[in-house]
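Let's take a walk through this model together, one region at a time. Please have the sequence and the 3D view open side by side.

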Amino acid sequence: MTDAAPAKPKPALNAKRSFWLKQLHQWHWISAAVSLIGLLLFAITGITLNHAAQIPATPATVEQTGQLPAPLLARLAELPEETTDPVPAAVARWASETFKVQVDGRATETTADEVYISLPEPGGDGWLTIDRATGEALRERTTRGAIAWLNDLHKGRNTGPVWYWFIDVFAAACIVFAVTGFGLTWLHARQRPSTWPLLGLGLLIPAVIALLFIH
């Protein structure tokens, strides 16, 4: 008596599996290509942020001075004595030409004596003040090096709206990459017995660390 031949998978199931494999592979490599450089950047800066106290940084401060022309000083006189209104557009253009800073539309801390504009940036800080009586302007900029700059890109600190939206798009690409990777893992799990133990370990390790060692 001969053993019965094993049942062959149904063609419909094979076609469905092939469809999902093709779709998942396509979206997986596309999302990987889109997010690859970003993943490297955020992984490396994750390490540098975690060891920020051990990475030396030497702040460098540069000061520039300038003199606001009399006609523009008169425009500043139109501002109230206490306000957060931006400086007039003509004054903003002068600041851009003199100090290479963009202050148009930025909130100020204006008092009767001076106009103060905060100018934070990734990896550094800065400000501009204009004396309302004399027109004397002082621009100060402090930078803390390339590592601090990259760390601030990671955090989205003072990076502007374009980088803000890039982080969202990059995060979406990472989600697609992870979900399609999980889908491929699911489809191949039958041929890879270690799949589910490894996935479980990836969940268990951070969960245990969070429960036992984070206080």
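Is R144 buried, partly exposed or exposed? With a relative accessible area of 29%, R144 is partly exposed. Here buried means under 20% relative accessible area, exposed means over 50%, and partly exposed is in between, with a 1.4 Å probe and protein chains only. The areas come from the Shrake-Rupley method with that 1.4 Å probe, and for residues only the protein chains shown count as cover.

Before going further, a word on the ground rules: this is a predicted model, in which local features need pLDDT of at least 70 and side-chain atom pairs count only at pLDDT 80 or more, while totals for chains, interfaces and linings use all residues. Residues are numbered from 1 along each chain as its sequence is written, and side-chain values use heavy atoms, with hydrogens and water left out.

R144 is a good place to begin, as it belongs to a network of salt bridges together with D152, K155 and R157. A salt bridge is a side-chain nitrogen of Lys or Arg within 4 Å of a carboxyl oxygen of Asp or Glu, and the structure holds five of them. Try centring your view on D152, which counts as buried at 3% relative accessibility. Its bridge to R144 has closest N and O atoms 4.0 Å apart, and its bridge to R157 has them 2.9 Å apart. R157 is partly exposed, at 28% relative accessible area. D152 also meets the side chain of K155, at 3.5 Å from N to O. K155 counts as exposed because its relative accessibility is 52%. D152 and K155 are three residues apart in helix α4, so about one helical turn separates them. In general, an α-helix has 3.6 residues a turn, so residues three or four places apart point the same way.

Now look along α4 itself (146–155). Helices here are DSSP runs of H or I with at least four residues, strands are runs of E with at least two, and both are numbered from the N terminus. The buried residues of α4 are A148, N151, D152 and L153. Just after the helix, G156 takes a positive phi of about 70°. A little further on, N158 sits in the loop between α4 and α5 (160–188). N158 has a positive phi too, near 55°, and is a residue other than glycine; at 32% relative accessibility it counts as partly exposed.

G156 also gives us a link to helix α1 (residues 11–50), where F42 lies. The C-alpha atoms of F42 and G156 are separated by 11 Å, with these positions 114 residues apart along the chain. F42 counts as buried, since its relative accessibility is 15%.

Next comes the sheet. It is open, has five strands in the order β1-β5-β4-β3-β2, and its pairing is antiparallel. At the edges are β1 (60–67) and β2, each pairing on one side only. Two strands pair if DSSP finds at least two bridges between them. Eight bridges join β1 and β5, and seven join β4 (residues 124–131) to β5 (residues 136–143). Follow T143 in β5: G124 is its bridge partner, and A60 stands opposite T143 as well. Elsewhere in β5, R139 stands opposite L128. The β4 and β5 strands form a hairpin with four residues between them, and G135 in the turn has a positive phi of about 85°.

K100 is another residue to check for its backbone: its phi is positive, about 60°, although K100 is not a glycine. You will find K100 in the loop between α3 (89–99) and β2, and it is exposed, with a relative accessible area of 65%.

Let's finish on the surface. Patches are made of residues with over 30% relative accessible area and no salt bridge, joining like charges within 9 Å and nonpolar side chains (Val, Leu, Ile, Met, Phe, Trp, Tyr) within 5 Å. E81, E82, D113 and E114 gather in a patch of negative charge. Lys and Arg count as positive and Asp and Glu as negative, while His and the chain ends are not counted; the place of a charge is NZ of Lys, CZ of Arg, CG of Asp or CD of Glu. D113 is in the loop between β2 (109–110) and β3 (114–118), and is exposed at 59%. A nonpolar patch of about 1,000 Å² includes L198, L201 and F213 among its residues. L201 belongs to helix α6 (residues 195–213) and counts as partly exposed, at 42% relative accessibility.
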